[in-house]
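Thanks for coming. I will take a few minutes to walk through one chain, starting with the whole and then going to some helices and single residues. Please have a look at it first.

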Amino acid sequence: MPTDGELFLPTMGCGTWAWGNRLLWGYNPHMDEQLQGVFNLCVGNGVTLFDTGDSYGTGKLNGRSELLLGKFARECRSPNLDNLCIATKLAAYPWRLTRKSMVAALEASSRRLGRNVDLVQMHWSTANYAPWQEWALLDGLGDAYDRGLVKGVGLSNYGPRRLRKVYRRLGDRSIPIATLQVQYSLLTAAEIDRLKIRETCQELGIQVIAYSPLTLGLLTGKYSVRGNLPGGLRRRLFKQLLPQIRPLLDTLEAIARSRNRSMSQVAINWCIAKGTIPIPGAKNMKQAQENLGALGWQLDSGEVEELEKAATRSQGKMVQNVFQTK
């Protein structure tokens with residue numbers, strides 16, 4: 001069992017971008033300084049859950065994000081650091097085939113962070129393409145927990161059927177599953193709710209972490225078909241979806257105006273209202289302050305219902321992560 005205390009999960013997370021971590025490239029010293037300020041601001045305001053992954057960083061799979069996050073934690077002087085919870089996701093690479101390989105991966109992550117990982121997570125399930133690979137990797141996470149290398153074990157992109165199988169396997173070793181990370185926002189909740197993932201997690205005592213709560217920025221209100229659009233593949237996606245999700249965007253805007261909040265703050269607060277821990281990204285101080293504005297208040301039940309009805313009326317839906325299991 002872990003020897004250094006229980007896993008502490010705050011009610012709100014501010015992640016280092018749970019969708020790919022393009023924020024923490026680390027090539028530009030000025031960018032790193034800016035991200036240090038973002039980290040300090042978040043921690044100083046009580047946001048102490050930071051999520052990363054060993055595949056995040058420069059695109060060379062070298063854990064650059066973990067290196068920077070460890071540096072930010074060491075250089076931060078906030079008293080809230082006592083409650084810091086560092087979560088990382090270990091990738092199910094095709095060359096990771098044994099339980100020892102996962103323990104070794106976790107130890108490498110800890111070295112990059114300069115501290116023990118608090119919450120280790122399986123980055124994705126291999127059930128959709130190589131189910132035989134998965135059990136050894138999950139057993140490795142269990143071994144790390146038994147050896148006291150982590151305080152908690154979590155999963156990512158698991159549906160209820162696969163989740164229950166893993167829950168039973170780890171439960172046979174008296175290893176609880178602390179968290180499940182899924183793509184969850186007003187535009188992606190329909191599929192998650194159809195699968196009854198939140199209900200399953202509530203039944204099993206598992207905390208849901210919501211990644212991409214702003215749906216790649218679609219719910220921020222800053223994009224328009226006639227105005228600025230992101231580049232690359234997102235440009236085509238946004239041009240297709242923005243007209244289709246107009247009912248939801250209009251409702252978000254109306255509630256934001258009545259609350260004297262921003263659309264993104266309302267969208268993040270909705271995730272909190274659904275009992276999840278959202279992990280929005282922040283690459284500069286303005287975005288961090290924007291995210292923090294989602295805390296300290298709550299939507300009422302009528303507003304939550306209004307947003308969900310608007311999401312249902314919207315024709316555009318985001319596809320789920322290809323690794324999401326049933």
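Of the 326 residues in this chain, 57% are buried. Please keep in mind that this is a predicted model. The chain has twelve helices and seven strands. If you take the contacts between residues at least 6 apart in sequence, 80% of them join residues at least 24 apart.

Let me begin with helix α3. It has 15 residues, 99 to 113, and at 1.5 Å a residue it should span 21 Å; the C-alpha atoms at its ends are 21 Å apart, so the two values agree. Which residues of α3 are buried? They are Ser101, Met102, Val103, Ala105, Leu106, Ala108, Ser109, Ser110, Arg112 and Leu113. As a reminder, an α-helix has 3.6 residues a turn, so residues three or four places apart point the same way. What do the buried residues of α3 pack against? Two of the partners are helices, α2 at 64–75 and α4 at 131–146, and the others are the strands β2 at 85–90 and β3 at 119–122. After the helix comes glycine 114, which has a positive phi, near 75°.

Now the helix pairs. Two packed helices are described by the angle between their axes and the distance between the axes.

The pair to start with is α3 and α4. Their axes come within 7 Å and cross at roughly 50°. An angle of that kind makes α3 oblique to α4. The crossing is right-handed. On the α3 side, the residues that meet α4 are Arg99, Ser101, Met102, Val103 and Leu106. On the α4 side, they are Ala136, Leu137, Asp139, Gly140, Leu141, Asp143 and Ala144. Sorted by class, this contact between α3 and α4 holds seven nonpolar, two polar and three charged residues.

Staying with α4, its pairing with α5 has an angle of about 40° and axes 11 Å apart. These two helices are therefore oblique to each other. Here too the crossing of α4 and α5 is right-handed. From α4, the contact uses Pro131, Glu134, Trp135, Leu138 and Asp139, and from α5 it uses Arg162, Lys165, Val166, Arg169 and Leu170. How do the residues of this contact of α4 with α5 divide by class? Five are nonpolar, none are polar and five are charged.

One residue of that contact deserves its own slide. Arginine 162 lies in helix α5, which runs over residues 160–171. Is arginine 162 buried or exposed? Its relative accessibility is 11%, and because the cut-off for buried is under 20%, arginine 162 counts as buried. Leaving aside residues up to four places away in sequence, arginine 162 touches Ser125, Ala127, Pro131, Glu134, Trp135, Thr325 and Lys326.

Next, histidine 123. You will find it in the loop between β3 and α4. Histidine 123 is buried, since its relative accessible area is 10%. Again leaving aside residues up to four places away in sequence, histidine 123 touches Ser55, Tyr56, Lys89, Leu90, Ala91, Ser156 and Asn157. Tyrosine 93 is 30 residues from histidine 123 along the chain, and their C-alpha atoms are separated by 9.7 Å.

The last helix pair is α9, residues 246–259, and α10, residues 263–273. They pack at an angle of about 100°, with axes 8 Å apart. That makes α9 roughly perpendicular to α10. From α9, Leu249, Leu252, Glu253, Ile255 and Ala256 meet Met263, Val266 and Ala267 of α10. By class, the contact of α9 with α10 has seven nonpolar residues, no polar ones and one charged.

In the loop between α9 and α10 sits asparagine 260. Although asparagine 260 is not a glycine, its phi is positive, at about 55°. With a relative accessible area of 72%, asparagine 260 is exposed.

Leucine 216 also has a positive phi without being a glycine, here about 60°. Where is leucine 216 found? Its place is the loop between β6, at 207–211, and α8, at 232–244. At 11% relative accessibility, leucine 216 counts as buried, whereas asparagine 260 is exposed.

That is all I have.

Technical notes: Residues numbered from 1 in each chain as written. Predicted model: local features only at pLDDT ≥ 70, side-chain atom pairs only at ≥ 80, totals over all residues. Heavy atoms only, no water. Helix = DSSP H or I, 4+ residues; strand = E, 2+ residues; numbered from the N terminus. Expected span 1.5 Å × (residues − 1). Buried < 20%, exposed > 50% of the residue type's maximum accessible area, 1.4 Å probe, protein only. Contact = heavy atoms within 4.5 Å. Axes fitted to C-alpha atoms, helices over the stretch in contact; angles between N-to-C directions. Parallel < 35°, antiparallel > 145°, perpendicular 65-115°, else oblique. Left-handed = near helix turned anticlockwise from the far one by under 90°. Nonpolar A, V, L, I, M, F, W, Y, C, P; charged D, E, K, R; others polar.
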